[in-house]
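Okay, thanks for having me on the slot today. Let me put the sequence and the model up, and then I'll walk you through the parts I'd like you to look at.

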Amino acid sequence: EQPRRSLALANIVIGLISACTAILVPKVAESVLHADALGAALLVSSMIPGMVVMTFVIASRPTMRRRGLLFFLGMAAIVPQMSIVGVSRVYWLSLVSSVVLGAPIGLFVTLVRQLTQEHTAPEMMGRAMGVLHVLSRGTLPVASFGLLLLTRFVSPSTSLVLVAAVVAVFFVGVVSTRDLRRA
């Protein structure tokens, strides 16, 4: 039932983003930005500080107003940042975009879990969190395989932009959930 269905979709997005980070961003760094292994690792790992800081900021607040709106903003901000990494031909622009991308990912992922807990009855919590974990982590290998196939037909940059478009479609589906908008 809603809003857990939309939050389940959001967990699939988490898996897609994880696959992009593991598969496409290093390929873009190598093939488009002509970065070495260190440059590719820096591009991927530069997202971590934003994710960690945003997670700690949210976790340190006893209450937080407009969580649904912040959740949607986090999800929406992922799309242009992924696209910038995909279309940029300048390493430093991609690096800055990756640094910025960490914050909305941290916001989005943390609030997915928090909103799921708020919209799930205590007796269903274990099952609901198990399903959501399987969706986010289970999407990762499937999406990774799909991305490897996709890069056989289009460039890693185009693949990253295409995945950003898929995330945008998921965003439209998730944002239509009234209960999440009011949270």
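**Helix α6 and what surrounds it**

Let's start with packing: α6 puts its buried residues against α1, α5 and α7. Keep in mind, please, that this is a predicted model.

Which residues of α6 are buried? You've got Ala128, Leu132, Ser136, Thr139, Ala143, Ser144, Leu147 and Thr151. The helix itself has 29 residues, and from first C-alpha to last it reaches 41 Å, close to the 42 Å you'd expect at 1.5 Å a residue. Where does α6 kink? At Leu140, by about 30 degrees, shortly before the proline Pro141.

Okay, on to the core. The largest nonpolar core has 46 residues, and the ones with the most contacts inside it are Phe71, Met82, Phe108 and Leu160. At least two residues of this core come from each of α1 (4-31), α2 (37-45), α4 (67-87), α5 (91-118), α6 (125-153) and α7 (156-175). Which helix gives the most to it? That's α1, with 13 residues.

Now zoom in on Phe71. Its relative accessibility is 0%, so it counts as buried. Leaving aside neighbours within four places in sequence, who's in contact with Phe71? Here's the list: Leu7, Ala10, Phe108, Leu111, Val112, Leu115, Val174 and Leu180.

Phe71 also belongs to an aromatic cluster, together with Phe72, Phe108 and Phe171. While we're on rings, a search of the whole structure turns up four aromatic pairs. One of them is Phe71 with Phe72, a tilted pair at 5.3 Å centre to centre, with 55 degrees between the planes. Phe72 comes out at 6% relative accessibility, so that one counts as buried too.

Another pair is Tyr91 with Trp92, and this one is edge-to-face: 5.5 Å between centres, 85 degrees between planes. Are those two buried or exposed? Tyr91, at 15% relative accessibility, counts as buried, whereas Trp92 is exposed, with a relative accessible area of 59%. The cut-offs behind that are under 20% for buried and over 50% for exposed.

Next, a polar residue to click on: Ser6, which sits in helix α1. Its relative accessible area is 2%, so Ser6 is buried. What does Ser6 touch, if we skip neighbours within four places in sequence? Gly173, Val174, Thr177 and Leu180. Val174 and Leu180 were also on the contact list for Phe71, so if you've still got that view open, just keep those two displayed.

Last stop, charges. How many salt bridges does a search of the whole structure find? One. The partners are Glu118 and Arg67, and their closest N and O atoms are 2.6 Å apart. This pair links distant parts of the chain, with Glu118 in helix α5 and Arg67 in helix α4, 51 residues apart. And how accessible are the two ends? Arg67 is at 16% relative accessibility, so it counts as buried. Glu118, at 40%, counts as partly exposed.

To wrap up, three views to go back to: α6 with its kink at Leu140, the aromatic cluster of Phe71, Phe72, Phe108 and Phe171, and the salt bridge between Glu118 and Arg67. That's me done, thanks.

Terms used: Residues numbered from 1 in each chain as written. Predicted model: local features only at pLDDT ≥ 70, side-chain atom pairs only at ≥ 80, totals over all residues. Heavy atoms only, no water. Core = buried A, V, L, I, M, F, W, Y, C linked by side-chain atoms within 4.5 Å. Buried < 20%, exposed > 50% of the residue type's maximum accessible area, 1.4 Å probe, protein only. Helix = DSSP H or I, 4+ residues; strand = E, 2+ residues; numbered from the N terminus. Contact = heavy atoms within 4.5 Å. Salt bridge = Lys/Arg side-chain N within 4 Å of Asp/Glu carboxyl O. Expected span 1.5 Å × (residues − 1). Bend = angle between axes of the 7 residues up to and from the residue. Phe/Tyr/Trp six-rings, centres within 6.5 Å; stacked < 30°, edge-to-face > 60°.
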